[in-house]
Amino acid sequence: MVNLSQLNPQQREAVETVDGPVLVLAGAGTGKTRVITYRIAHLIARGVPGDRILAVTFTNKAAREMLERVETLLGRRGGGPAAGSRPLICTFHSFGVRLLRRYIERLGYKRNFVIYSESDQLALVRRILGRFAGGVPRVDPWVVLGWLSRWRNGDVALWQRLDEESRLLAERVRSAYEQGLRACNAVDFDDLLLLPLRLFREHPDVLAECQERYRYVLVDEYQDTNAVQLELLRCLVARHRNLCVVGDDDQSIYGWRGADLTNVLNLEAHFPELRVIRLEQNYRSTNTILRAANALIRQNARRRPKQLWSRRGEGAKIVLRVYADEAEEAAGVVEAIERKRLLQRVPWSAQAVLFRTNGQARPLEMALRRAGVRYRVVGGQSFFDRREIRDVVAWLKTLVNPEDDVSLLRIANVPPRGLGEETMERVLALSVERHVPVYHALREAMTSDRFTARARQAMVGLVETIEEARRAWSLVGPGTGSAFGAEAWIGFFERLGYFEMLRRSEKDAEAGENRVQNVREFLTDLMQRGNGTAEVEGSALDRLQTALETVTLDAERFEEEEQPAGDAVTLITMHSCKGLEFPHVYIVGLEEGLLPHARSTLEGTIEEERRLFYVAITRAMETLELSHCEGRRKYGDRTPCQPSRFLQELPEEVLVRVNSGPAAAPPVDSARDWFARMREAVG
C-alpha cells in the first residue's frame with residue numbers, strides 16, 4: 001500500500017475519496033500535485049489497473065513530472081514488473097490526438113492528418129483575408145485567429161455582440177478557414193478537442209469503448225478548462241461518474257483564452273452528488289503574505305470561499321514603495337536585489353520580478369545590465385519561431401503529407417529553385433479554381449503552358465525531391481534502428497542545399513553556423529522521439545509523423561531547454577508565473593491602467609485582474625515587495641499615474657510604506673558606483 005502518513009487530513013481525504021465526483025479546491029501552495037499523484041498511486045495500490053486511469057493536465061512538463069512521482073511512490077522508477085500497466089497522464093490535446101489517430105477516418109479525414117501550429121494557422125488566415133480583399137476590413141490576423149478559436153469553442157456572447165452584416169462576414173471567414181483545414185487534411189489545436197467530442201456524439205461505440213477503458217478520470221488545473229473540455233469530461237464519466245477535478249477558482253486567470261470560471265462554480269449542476277474538499281494549509285508562504293492574499297481575493301463576489309494559512313510563521317512585512325517613474329523603479333528594484341545578495345547572501349536565482357505586460361521588462365533589463373546583474377526573461381523568442389526551425393518543420397510536414405498547403409507553400413522555394421511568390425500565387429489560384437490541394441495543382445502546372453519552361457522545370461525538381469524522399473522513407477520499416485537516425489535526415493537537408501543557404505544568409509560566418517547547429521540539434525531530438533515511441537508501427541514516415549505531433553504538442557519542452565542555467569534573476573509576467581514560486585518576489589507597476597489593465601473595466605474583467613494579482617502575491621515564499629510609479633513616459637512625455645485600486649484592499653497592518661526617491665535609492669546614473677561601494681563594504 002501507499003504510505004499516506006505524509007499527507008495532512010484534508011489531503012488524505014482527497015486521496016481516499018476515490019468513488020464518485022469530487023472537487024478538490026486546492027488553494028495556492030496547498031500541495032495539489034501531491035494530492036493527484038498520491039491519489040493515482042493509491043488507486044493502483046488498491047488494485048485498479050493503471051491503464052484504467054486517465055489524468056489530464058495542461059502542460060506536457062506537468063504530465064511527465066506527475067508520472068515520475070507516481071512511479072516513485074509505487075517503487076517503479078526505471079521500469080519494474082508492473083511498469084507496463086501505466087496510467088495515461090497527458091494533456092487534453094495529447095488525449096485528443098490519441099483518439100483521432102485511431103478513429104479520425106470515421107469523420108472523413110485521412111489518418112495522416114497534420115496538426116497546424118499557430119504560425120500555420122496565421123498563414124491560412126492571412127490567405128483567406130487576402131482572398132476576400134475588399135470584402136473584409138483591414139484587421140489583424142492574430143485578432144481573427146483568437147476570435148475564430150473562441151467562437152468555435154462555443155463563446156455565444158462573442159457572436160451576439162456582432163451586427164447582422166458582421167455575422168455574415170464572420171461566417172464566411174469561419175467557413176473558409178474550416179474548408180482550408182479540410183482541404184489540407186489538417187486540424188488545429190481546437191480541433192483536437194472539438195473532433196473527439198464529435199466522435200463521441202456521432203459514434204456511441206467509440207464513446208462506450210473509452211468509458212470502459214478509463215474508469216477513473218482526474219483533471220489538474222480544472223479552473224483553466226473551457227466548455228468543450230467540460231463536455232468531453234462529462235461524456236467520458238457519464239457511466240461510472242468517477243471524476244476528480246483539482247483546481248482553484250481564485251487562480252482562474254485565462255478567461256481571455258476561453259477558460260470558463262463557471263466550470264468550477266457550477267459543477268454541482270452537472271454532478272449533484274459532488275463532494276467538495278478544501279485544501280487551505282499553505283506550504284509555500286508566510287502568514288503575512290497569506291493575510292494580504294486572503295484579504296485581496298475576498299473582494300471578489302464570484303468565488304468559492306477558502307482561507308489560506310501556514311505553519312511557516314509570520315515573516316517579514318510587505319514593503320510598498322512609490323517611485324517617480326519606471327526608470328527610478330527599475331533602479332530601486334535592482335538595488336533591493338543586490339542588497340539581498342550582498343548583505344544577506346541571497347542568490348540572484350532566488351529572486352524574481354513580476355509585471356503585468358511584456359513592455360514593462362525593458363527598463364528592468366536596462367537597469368540589470370547596467371548593474372552587471374545576470375537575469376533571464378521567461379517567454380522570450382520561441383525556439384519554433386526561429387526561421388530555420390520553421391523551415392525544417394515545414395519540409396518534414398510536407399514529406400509526411402504533401403497536401404499540407406501551408407507547409408508546401410513555405411518550402412516551395414526554400415532553398416531557392418526559381419519558384420518565386422508570383423509563380424506560387426498562380427499555382428495557388430489554380431488550386432482554388434480546381435478545388436484541389438496546392439500539390440495537385442503543382443503537378444498539373446508542371447505540364448501547363450501557362451507557366452514558363454524555367455518555372456515548370458523548377459516544379460518538376462520540387463515534386464521529384466518530395467516523392468523520392470517519401471519513397472525512400474516509406475521503405476524504412478520498424479525495427480531498422482539507426483536507419484531512422486538524425487544523421488540520415490541531416491544528410492537530406494545537406495543534399496537539399498538548405499545548410500548552404502543558411503550559411504550564405506548570414507554575413508557573420510559564426511551566426512550562419514549557429515543556425516545550422518540549431519537544425520542539427522532539433523533533428524537529433526526529433527528522431528530520438530521517433531525511435532523512442534514504442535507504440536508506433538509502420539515506416540519511418542509514420543514515426544516521423546508521430547514525432548512531429550509530439551513536438552507540436554510539447555513546444556514548451558524546448559523553451560525550458562532554452563532558458564539559461566545558473567544564478568540569474570527571473571523576469572516574468574504575472575500570467576506566466578502561475579505554478580512557480582520564488583523565495584523573494586518584487587511586483588512592479590501596480591498602477592491603474594496596468595493592473596487592473598485599462599481594458600478590464602470595459603470588458604468587465606476586474607475580478608480576473610484581481611485574481612491575477614492574487615496569483616502574483618502567492619508566488620512569494622519569504623519576502624514580498626510591491627511598487628508603483630507617480631508617472632510613466634509614453635511617446636516621450638511623462639504621464640501621471642494613479643496607484644492600483646487593489647493596493648487599497650491590502651490590510652494596512654501587513655504593509656510597510658516607503659517613499660523611494662533620489663535620497664532613498666541611487667539614481668540610475670550612479671547605480672554602478674553604489675553597487676561598487678556596497679561590494680567594498682562587505683569585502
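This report covers the internal cavities of a protein and one enclosed strand. The model is predicted.

**Strand 7 and its neighbours**

Strand 7 spans residues 243-247. Buried means under 20% relative accessible area. By that cut-off, 5 of the 5 residues of strand 7 are buried, so strand 7 is largely enclosed by the rest of the structure.

How are the faces of strand 7 covered? In a regular strand the side chains alternate between the two faces of the sheet. On one side of strand 7 lie Leu-243, Val-245 and Gly-247. On the other side lie Cys-244 and Val-246. These residues are all buried, and both faces are covered.

Two pairings involve strand 7. Strand 1, residues 22-26, runs parallel to strand 7 and is joined to it by 4 bridges. Within this pairing, Val-24 has Val-246 as its bridge partner. Strand 6, residues 216-219, also pairs with strand 7 in the parallel sense, over 3 bridges. Here Val-217 has Leu-243 as its bridge partner.

A helix also belongs to this region. Helix 11, residues 227-236, forms a β-α-β unit with strand 6 and strand 7. The unit is right-handed.

**The cavities**

How many cavities of 30 Å³ or more does the model hold? The count comes to 6. Two of them are set out here.

| Cavity | Volume | Nonpolar lining residues | Polar lining residues | Charged lining residues |
|---|---|---|---|---|
| Largest | about 80 Å³ | 5 | 2 | 3 |
| Second largest | about 60 Å³ | 7 | 2 | 2 |

Which elements line the largest cavity with two or more residues each? They are strand 4 (114-115), helix 17 (387-400) and helix 25 (540-553). Helix 25 gives the largest share, 4 residues. The lining includes Gln-545, Leu-548, Glu-549 and Thr-552. Val-114 and Ile-115 are also among the lining residues, as are Lys-397 and Val-400. Arg-101 and Phe-113 line the largest cavity too.

The second largest cavity has another set of walls. Strand 11 (318-323), helix 15 (326-344), strand 15 (582-587) and strand 16 (620-629) each give two or more residues to its lining. Among the lining residues are Arg-321 and Tyr-323. Gly-332, Val-333 and Ala-336 line the second largest cavity as well. So do Tyr-586, Ile-587 and Val-588. Glu-625, Leu-626 and Ser-627 also belong to this lining.

How values were computed. Residues are numbered from 1 along each chain as its sequence is written. This is a predicted model: local features need pLDDT of at least 70, side-chain atom pairs count only at pLDDT 80 or more; totals for chains, interfaces and linings use all residues. Side-chain values use heavy atoms; hydrogens and water are left out. On a 1 Å grid over the protein atoms alone, a cavity is a set of points where a 1.4 Å probe fits but cannot get out, and a pocket is an open set with protein on both sides within 12 Å along at least five of seven lines; lining residues have an atom within 4 Å of a point. Grid points are joined across faces, edges and corners, and a volume is the space filled by probe spheres set on the points. Ala, Val, Leu, Ile, Met, Phe, Trp, Tyr, Cys and Pro count as nonpolar, Asp, Glu, Lys and Arg as charged, and the others, Gly among them, as polar. Buried means under 20% relative accessible area, exposed over 50%, partly exposed in between (1.4 Å probe, protein chains only). Two strands pair if DSSP finds at least two bridges between them. A crossover is right-handed if, with the strands pointing away from the viewer, the path from the first strand over the helix to the second runs clockwise.
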